[in-house]
Amino acid sequence: MPHPAAKLALLCCLLGVLPQPRAETPACHQPFAHPEAGAERLRAIARACDDPVLARLYHHRAAHREALGEIALLARLHRAHGNADRLRLHQGRIHAALLEGFAARAWHAGRAETLDALARGYARAIDRLERTIAGQDLAYGGR
């Protein structure tokens, strides 16, 4: 019969080797609680969320913030020239604020599909911003 201390040591070793359950961050249950989080923080939250809809939403928020950062850089680089980069930057920020505002109201009213719709809205906004960054905004034609 093994010594009780040996059993305890074996149990401790097994517990240390076995994968531990991952704890979700509280942000996974409060999708509108971090409005000013940066892209890296949003991606970390996305990795911690078990719900694929929330993970996708946080991932899209991060990509949108990065795309706005690239538009801001373009606006600074072209400051001396007449261009629409600054306008696109403001449009992107306003669009995101409107998406978030309306989605927060709908979500708090109990509409569960709101988060998926918000993620799709971010995906469309990211597509527009990426086309602007690539210089294809004139060919975009408002789609």
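Let me begin with a definition: a residue is called buried when its relative accessible area is under 20%, exposed when that area is over 50%, and partly exposed in between. With that in hand we can place Asp-127, which has a relative accessible area of 31% and is therefore partly exposed. I should say at once that what you see above is a predicted model, and that I will come back to how confident the predictor was.

First, the overall plan. The chain contains 6 helices and 0 strands, so that, read along the sequence, its pattern is α-α-α-α-α-α. Of its 143 residues, 34% count as buried, while the accessible surface comes to about 9,400 Å², with 62% of that area belonging to carbon and sulfur atoms. If we take the contacts between residues at least 6 apart in sequence, 58% of them join residues at least 24 apart.

Now to confidence. The average pLDDT of the chain is 80, and 74% of the residues score at least 70. Among the elements, helix α2, residues 39–48, has the highest mean pLDDT, at 92, whereas helix α1, residues 4–17, has the lowest, at 52. Where pLDDT is low, the predicted coordinates should not be read in detail, and I will leave helix α1 aside for the rest of this talk.

Let us turn to helix α4, which runs over residues 85–108 and has 24 residues. From its first C-alpha to its last, α4 reaches 34 Å, close to the 34 Å expected at 1.5 Å a residue. Which residues of α4 are buried? They are Asp-85, Leu-89, Gly-92, Ala-96, Leu-99, Glu-100, Ala-103, Ala-104 and Ala-106. It helps here to remember that an α-helix has 3.6 residues a turn, so residues three or four places apart point the same way. The cover over these buried residues of α4 includes α3, residues 52–77, and α5, residues 114–133.

There is also something to see on the surface, where Ile-94, Leu-98 and Phe-102 make a nonpolar patch of about 340 Å². Leu-98 belongs to helix α4, and because its relative accessibility is 46%, Leu-98 counts as partly exposed. After α4 comes Gly-110, whose phi is positive, near 100°.

Helix α3 deserves a careful look as well, and I have picked out three of its residues. Arg-61 sits in helix α3 and is buried, since its relative accessible area is 4%. What does Arg-61 touch, leaving aside its neighbours within four places in sequence? Its contacts are Pro-31, Phe-32, Leu-42, Glu-100, Leu-118 and Tyr-122, and of these Glu-100 is one of the buried residues of α4 that I listed a moment ago.

The second residue is His-64, also in helix α3, which counts as buried because its relative accessibility is 2%. Again setting aside neighbours within four places in sequence, His-64 is in contact with Gly-92, Ala-96, Tyr-122, Ala-125, Ile-126 and Leu-129. Gly-92 and Ala-96 are among the buried residues of α4, and Tyr-122 appears in the contacts of Arg-61 too.

The third is Ala-72, found in helix α3 and buried at 13% relative accessibility. Between Ala-72 and His-90 there are 9.4 Å in space, C-alpha to C-alpha, although the two are 18 residues apart in sequence.

Finally, the charged pairs: a search of the whole structure finds 6 salt bridges. In one of them, the side chains of Glu-66 and Arg-43 meet at 3.2 Å, N to O. Glu-66 lies in helix α3 and Arg-43 in helix α2, so this pair ties together parts that are 23 residues apart in sequence. Glu-66 itself is partly exposed, at 32% relative accessibility.

Another salt bridge joins the side chains of Glu-113 and Arg-111, at 3.1 Å, N to O. Glu-113 is partly exposed at 45% relative accessibility, and Arg-111 is partly exposed too, with a relative accessible area of 48%.

And so we return to Asp-127, which forms a salt bridge with Arg-131, their closest N and O atoms being 3.2 Å apart. Both residues lie in helix α5, 4 residues apart, about one turn of the helix, and Arg-131 is partly exposed, with a relative accessible area of 24%. I will finish with Arg-56, Asp-116 and Arg-120, which are linked in a network of salt bridges.

Technical notes. Residues numbered from 1 in each chain as written. Heavy atoms only, no water. Helix = DSSP H or I, 4+ residues; strand = E, 2+ residues; numbered from the N terminus. Expected span 1.5 Å × (residues − 1). Buried < 20%, exposed > 50% of the residue type's maximum accessible area, 1.4 Å probe, protein only. Contact = heavy atoms within 4.5 Å. Patch = residues over 30% accessible without salt bridge, like charges linked within 9 Å, V, L, I, M, F, W, Y side chains within 5 Å. Areas by Shrake-Rupley, 256 points an atom, 1.4 Å probe, with all protein chains shown as cover. Salt bridge = Lys/Arg side-chain N within 4 Å of Asp/Glu carboxyl O. pLDDT = per-residue confidence, 0-100.
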